[in-house]
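Colleague: I would like a close look at a single part of this model. Please take one strand with its neighbours, then move on to the cysteines and the ligand.

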Amino acid sequence: MRQRLIAGNWKMNGTGIDLGEVAKFKGLSIPANLTAVVCPPSTLIHRMSELLSEFAIETGGQDCHQLEAGAYTGNVSARMLADAGATHCIVGHSERRVGHGESNELVRSKAKACISAGLKTILCVGETEHERLAGRTHQVVGDQLSESIPETANDRNLVVAYEPVWAIGTGRTAERTQIEDAHGFIRSHCSKLLGSRAAENIAIVYGGSVNPKNSAEIFGTRDVDGGLVGGASLNGDDFAAVLNACQD
Ligand code: PGA
């Protein structure tokens, strides 16, 4: 049975006072086949990881620099995230790809840096609405996978997050058939890149307007092994409800 993953992405939200949301996880039981992670801004990683350890929930970064250290003002390396208590790191989020012009090649070097720092990499891929309407979803996602997955990746250090760009933060969730098609495609493409055994075991999670109402249906879709949750992760009760929806 594949390990499932639910990761909350707080994006650029949250200061110390918001750590109170974590208290809402009290009483939540996380089964062994589910990994739960919250990715707050890097300023909160250390404090959050100490608070979350009580609830068997892990902490992650939202991005990292591709190098270990150096004269890169304002950046944080994967090793620094791990040192602060992170176990996971998101790379290639569309807000980085689009908003910061990150190429597949750069995303690949960031994923490589995460893996060598001992972080599990949550690699985001997904098409824009324009690309979907042009019938290019498989091509775009296939290229992102081929060009962003480093040779050191395997099913234990990599999770793929399928996030159609048009579904992020819009309240427009992809239809079940669209999710099933994309996840099936990703698994078969991973088979070519990582081998059939790794492809069978790798977690492929869905992201894009996941919330307590739609999560059970999404997580019940074939080839969906969890979710990457933005807006709904900011509220502890909502995130707990999404975590509960991912338990068989
Ligand atoms: P959303 O964000 O759940 O707010 O759509 C998802 C993401 O950006 O990872």
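Modeller: The bridge partner of Ile-90 in strand β5 is Ile-122, and that pair is a convenient place to start. Please keep in mind that the model is predicted.

Ile-90 belongs to strand β4, residues 88-91, which is joined to β5 by four bridges. The two strands run parallel. Strand β5 is also joined to strand β6, residues 158-162, here by five bridges and again in parallel. Within that pairing, Leu-123 of β5 has Val-160 of β6 as its bridge partner. Strand β5 is thus paired with β4 and with β6. In a regular strand, side chains alternate between the two faces of the sheet.

Strand β5 spans residues 120-125, and because five of these six residues are buried, the strand is largely enclosed by the rest of the structure. Cys-124 lies within that range and is buried, its relative accessible area being 1%.

That residue leads to the cysteines. A disulfide is a covalent bond between the sulfur atoms of two cysteines. The cut-off used here is 2.5 Å between the sulfur atoms, and by this rule the count is zero disulfides. For Cys-124, the closest cysteine sulfur is that of Cys-39, at 9.4 Å, so the pair is too far apart for a bond. Cys-190 is in no disulfide either; the nearest cysteine sulfur to it belongs to Cys-124 and is 13 Å away. Cys-190 is buried too, with a relative accessible area of 0%.

Now the ligand. There are 13 residues around it, and those that come nearest are Lys-11, His-93, Glu-163, Gly-169 and Ser-209. By class, the shell consists of seven polar, four nonpolar and two charged residues.

Three contacts to oxygen atoms of the ligand can be listed. A polar side-chain atom of His-93 is 2.6 Å from a ligand oxygen. For Gly-230 the atom concerned is a backbone N or O, 2.8 Å from an oxygen of the ligand. Gly-231 likewise has a backbone N or O atom 2.9 Å from a ligand oxygen. Taken alone, the ligand exposes 280 Å², and the protein buries 95% of that.

To put the parts side by side: β5 is largely enclosed, with five of its six residues buried, and the protein buries 95% of the area that the ligand exposes when taken alone.

Definitions and conventions: Residues are numbered from 1 along each chain as its sequence is written. This is a predicted model: local features need pLDDT of at least 70, side-chain atom pairs count only at pLDDT 80 or more; totals for chains, interfaces and linings use all residues. Side-chain values use heavy atoms; hydrogens and water are left out. A residue is near a molecule or strand if one of its heavy atoms lies within 4 Å of it. A polar contact is a pair of N or O atoms within 3.5 Å; within protein, one must be able to donate a hydrogen and the other to accept it, and residues adjacent in sequence count only if both atoms are side-chain atoms. Accessible areas come from the Shrake-Rupley method with a 1.4 Å probe; for residues, only the protein chains shown count as cover. Ala, Val, Leu, Ile, Met, Phe, Trp, Tyr, Cys and Pro count as nonpolar, Asp, Glu, Lys and Arg as charged, and the others, Gly among them, as polar. Buried means under 20% relative accessible area, exposed over 50%, partly exposed in between (1.4 Å probe, protein chains only). Two strands pair if DSSP finds at least two bridges between them.
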